[in-house]
Amino acid sequence: MDTTIRFRIAMEEDVSEIVQMLADDELGRKRERYEQPLPSCYLEAFQAIDQDHNNELVVAEKSEEVIGVLQLTYIPYLTYQGGWRALIESVRVHSRARGSGIGEQLMVWAIQRAKEKGCHVVQLTTDKQRPDAHRFYKKLGFVDSHEGMKYHL
């Protein structure tokens, strides 16, 4: 059995598995709609991400099965002398694979990818209701240096 974790850009046929992972926790169940057929809004969002050269939807794959996902968005700024940032969002590992180090490998891969793209910082947001995620990101070296705010429309 192949135990190698492979990272690649997501394909449209991965969207259903990705949405299933996004919906598979307490917070995700409140905001996602994993059902078959999959609501068209997810495929429309995938198309927009896939066509935007500053966005990458990345999956972690083991034995040809999607077991993790995150979205990387590259953002140009005037600050830091016109520097680029990478924003990591929608990080999920399949529930049966959590605690096996896949999330850490996925994040290390994403940080390296951001370096390759010339980013000077990697940032992310994580819900205040996810203390385990906070510990995970801090273990990886992320610092809660700013207070994030959102305005839902």
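Biologist: What makes Lys117 a charge over the ring of Tyr74?

Modeller: This is a predicted model. In it, Lys117 lies over the face of Tyr74, 5.2 Å from the ring centre. The cut-off is within 6 Å, so the distance fits.

Biologist: How do you know that the charged end of Arg85 sits over the ring of Tyr77?

Modeller: Arg85 is 4.0 Å from the centre of that ring. That is within 6 Å, so the distance fits here too.

Biologist: Why is the aromatic pair of Tyr137 and Phe142 called edge-to-face?

Modeller: The centres of Tyr137 and Phe142 are 5.9 Å apart, and their planes make 75°. A pair needs centres within 6.5 Å, and edge-to-face needs over 60 degrees. Both values pass, so the pair is edge-to-face. Phe136 joins Tyr137 and Phe142 in one aromatic cluster.

Biologist: Why is Tyr137 called buried?

Modeller: Its relative accessible area is 9%. Buried means under 20%, so Tyr137 qualifies.

Biologist: What makes Phe142 count as buried?

Modeller: Phe142 has 15% relative accessibility. That is also under 20%, so Phe142 counts as buried.

Biologist: Which residues does Met107 contact, leaving aside its neighbours within four places in sequence?

Modeller: Tyr137 and Phe142 are among them, along with Phe136, Leu70, Ile88, Val91, Leu124 and Leu140.

Biologist: Which residues touch the most other members of the largest nonpolar core?

Modeller: Met107 is one of them, with Ala60, Leu70, Leu72, Ile88 and Ile102. This core has 22 residues. Helix H5 (102-116) is among the elements that each supply at least two of them. H5 gives the most, with 5 residues. Another core, of 14 residues, lies apart and includes Leu22, Ile49, Val59 and Val69.

Key: Residues numbered from 1 in each chain as written. Predicted model: local features only at pLDDT ≥ 70, side-chain atom pairs only at ≥ 80, totals over all residues. Heavy atoms only, no water. Core = buried A, V, L, I, M, F, W, Y, C linked by side-chain atoms within 4.5 Å. Buried < 20%, exposed > 50% of the residue type's maximum accessible area, 1.4 Å probe, protein only. Helix = DSSP H or I, 4+ residues; strand = E, 2+ residues; numbered from the N terminus. Contact = heavy atoms within 4.5 Å. Phe/Tyr/Trp six-rings, centres within 6.5 Å; stacked < 30°, edge-to-face > 60°. Lys NZ or Arg CZ within 6 Å of the ring centre and 35° of its normal.
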